Amino acid sequence: MPEFRLYNSMTRSVEPFAPADGETVRMYACGPTVYNPAHLGNFRTFLFADLMRRSLKLAGFKVRQVMNLTDVDDKIIKRATEQKKTVREVTEPVIGMFIADRDYLRIEPAEHYPRATDFIVEMVDLVRRLEMKGIAYQADDKSVYFAIDRFPGYGRLSRLDTRELKTGARVAQDDYAKENAQDFALWKSATPDDEACGAAWDSPWGRGRPGWHLECSAMAMSLLGETIDIHTGGVDLQFPHHEDEIAQSEAATGKPFARFWCHGEFLLTDGAKMAKRVGNVSTVEDLRSQQVSAAAVRHLMFSTHYRKQLNLSGAALEASMEAVRRVGDFAGRLAAAPGGTPALATVAETFRAEFDDALRDDLNAPRAQAALFVFINHVNAELDKRGSDVAGLAAAREAFARADAVLNIVPEREGVDASLEPWVEQQMLARKAARGRRDFAAADQIRKALEEKGIVVEDTAEGARWKKVR
Ligand code: AMP
Ligand code: ZN
């Protein structure tokens, strides 16, 4: 089997990847700042993390993934102050929306979703370690800063030149431009606004709150250990966020913080980065109201490699909706087919090899999806022959199921709510079993139970099918 390869932003090359312990991938994905519902640009990055974890699992690794919820930072405090709310009151409903949107898009949940405000003790601890090493210092404004000239590796990820580092100068904002490569705030002394919205905690340096970069370092190391396997995020996080995460973590531990840095490219609309500031955002809610299925969104996001920019357009969405309609029809036909041909075993094996190889090749989802459509064409052609080979059919089903365990692009049947479908499928299986043992009374009872939910069953030459009539 070919090895698993990933592009590492740190070395700027595609490298073979395996978890350090040979078994479980410790993966940290920078999560949403929860003051607004995440937009589809954010979700492109989260779907990239989803593709990563599912591909790693397909390759046989276990995955332990952490995605943080940034529930205290400059933007959240600004929002809370404007609305005269506490930060909790701002973030709580947005976290609820994030979970709902994540589930709508079928993103496999990470193992942990830590909230920054639950890790203040760990954050203070990390600052204290840096202070003891003489790398963090408290300035006149009472905030604690990271002295970038005390950490020789500073700027390695984003290729900052030592000439560009303004040593001794300080920047207090969470986000700042490369031209401002200065000492950055680890712990910010509390302002009256911070106190008013519940964003201030006790610390050895007085009342204050953590900086954004510090949050991720503390949560990642607390939950995954001092060296993690993979750290992901969007390309805009390379500087300053990830640069500062590396500086804080490595200066404290003396160990590499992440073995692989993986960054997803932007989602654009009309050629511009989708961003709240630009005013060109769409949300999952927008898609839902336009009846765009999660399957279509996933198909669209996976149709471009994660390291290339992707433009969101009506035409592209339409094409993905059409593509997943074909996948859905195929899934129905494959499930209902009573038999196949021996040739299906070869078709399945070819697909399986190509699909796996594509994903092992730096998560080449467009190639994997293309292989799926070739497979669909081949299988359809074989099914048209109406054979009775069960082994071939089983191989095709198995290959399709494991591919869809990564892509998850079979749309829900129209007009059927998500919770009903599995129940219906279960009833259909039970009915088939009842008929198999010639227990027609039981089979009839199942049919009646289905009809009560508005589902009619049709027995066809290819097997039983169901549809919703009301
Ligand atoms: P934020 O909530 O702003 O911290 O962003 C959450 C994630 O979304 C980060 O990993 C960002 O890099 C990513 N992100 C923001 N805008 C876009 C975009 N237009 N396309 C892709 N990813 C984005
Ligand atoms: Zn982060």
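In these exercises, Ala, Val, Leu, Ile, Met, Phe, Trp, Tyr, Cys and Pro count as nonpolar, Asp, Glu, Lys and Arg as charged, and the others, Gly among them, as polar. Keep in mind that the model is predicted.

**Exercise 1. Describe the shell around ligand 1.**

Step 1: Find the neighbours. Ligand 1 is surrounded by 17 residues, and the closest are Thr33, Thr45, Asp236, Leu267 and Met274.

Step 2: Sort them by class. The shell around ligand 1 holds eight polar, six nonpolar and three charged residues.

Step 3: See where they come from. The largest share of this shell is given by α1, with four residues.

**Exercise 2. Find polar contacts of ligand 1, then work out how much of the ligand is covered.**

Step 1: Choose the cut-off. A polar contact here is a pair of N or O atoms within 3.5 Å.

Step 2: Look at the backbone. At Thr33, a backbone N or O atom lies 2.9 Å from an oxygen atom of ligand 1. At Gly234, a polar backbone atom is 3.0 Å from an oxygen atom of the ligand.

Step 3: Turn to a side chain. An N or O atom in the side chain of Asp236 is 2.4 Å from an oxygen atom of ligand 1.

Step 4: Check the cover. Ligand 1 taken alone exposes 500 Å², and the protein buries 91% of that.

**Exercise 3. Locate the pocket that holds ligand 1 and describe its lining.**

Step 1: Name the pocket. Ligand 1 sits in the second largest pocket.

Step 2: Give its volume. The second largest pocket has about 1,200 Å³.

Step 3: Go to the centre. This pocket is lined by 49 residues, and Asn42, Lys75, Asp175, Asp236 and Lys273 are the closest to its centre.

Step 4: List the elements. Those giving two or more residues to the lining are α1, α2 (74–83), α3 (87–104), α6 (212–224) and α7 (238–253).

Step 5: Sort by class. The lining of the second largest pocket has 22 nonpolar, 15 polar and twelve charged residues.

**Exercise 4. Count the cavities and explore the largest one.**

Step 1: Count. There are three cavities of 30 Å³ or more.

Step 2: Give the space. The largest cavity holds about 90 Å³.

Step 3: Find the walls. Its lining has 13 residues, of which Arg44, Phe48, Met301, Thr304 and Tyr306 lie nearest the centre.

Step 4: Trace the elements. Two or more residues of this lining come from each of α1 and α9 (294–302), and α1 gives the largest share, five residues.

Step 5: Sort by class. The lining of the largest cavity divides into seven nonpolar, four polar and two charged residues.

Definitions and conventions. Residues are numbered from 1 along each chain as its sequence is written. Chains are lettered from A and ligands numbered from 1 in the order in which they are written. This is a predicted model: local features need pLDDT of at least 70, side-chain atom pairs count only at pLDDT 80 or more; totals for chains, interfaces and linings use all residues. Side-chain values use heavy atoms; hydrogens and water are left out. A residue is near a molecule or strand if one of its heavy atoms lies within 4 Å of it. A polar contact is a pair of N or O atoms within 3.5 Å; within protein, one must be able to donate a hydrogen and the other to accept it, and residues adjacent in sequence count only if both atoms are side-chain atoms. Accessible areas come from the Shrake-Rupley method with a 1.4 Å probe; for residues, only the protein chains shown count as cover. On a 1 Å grid over the protein atoms alone, a cavity is a set of points where a 1.4 Å probe fits but cannot get out, and a pocket is an open set with protein on both sides within 12 Å along at least five of seven lines; lining residues have an atom within 4 Å of a point. A molecule sits in a cavity or pocket if more than half of its atoms lie within 2 Å of its grid points. Grid points are joined across faces, edges and corners, and a volume is the space filled by probe spheres set on the points.
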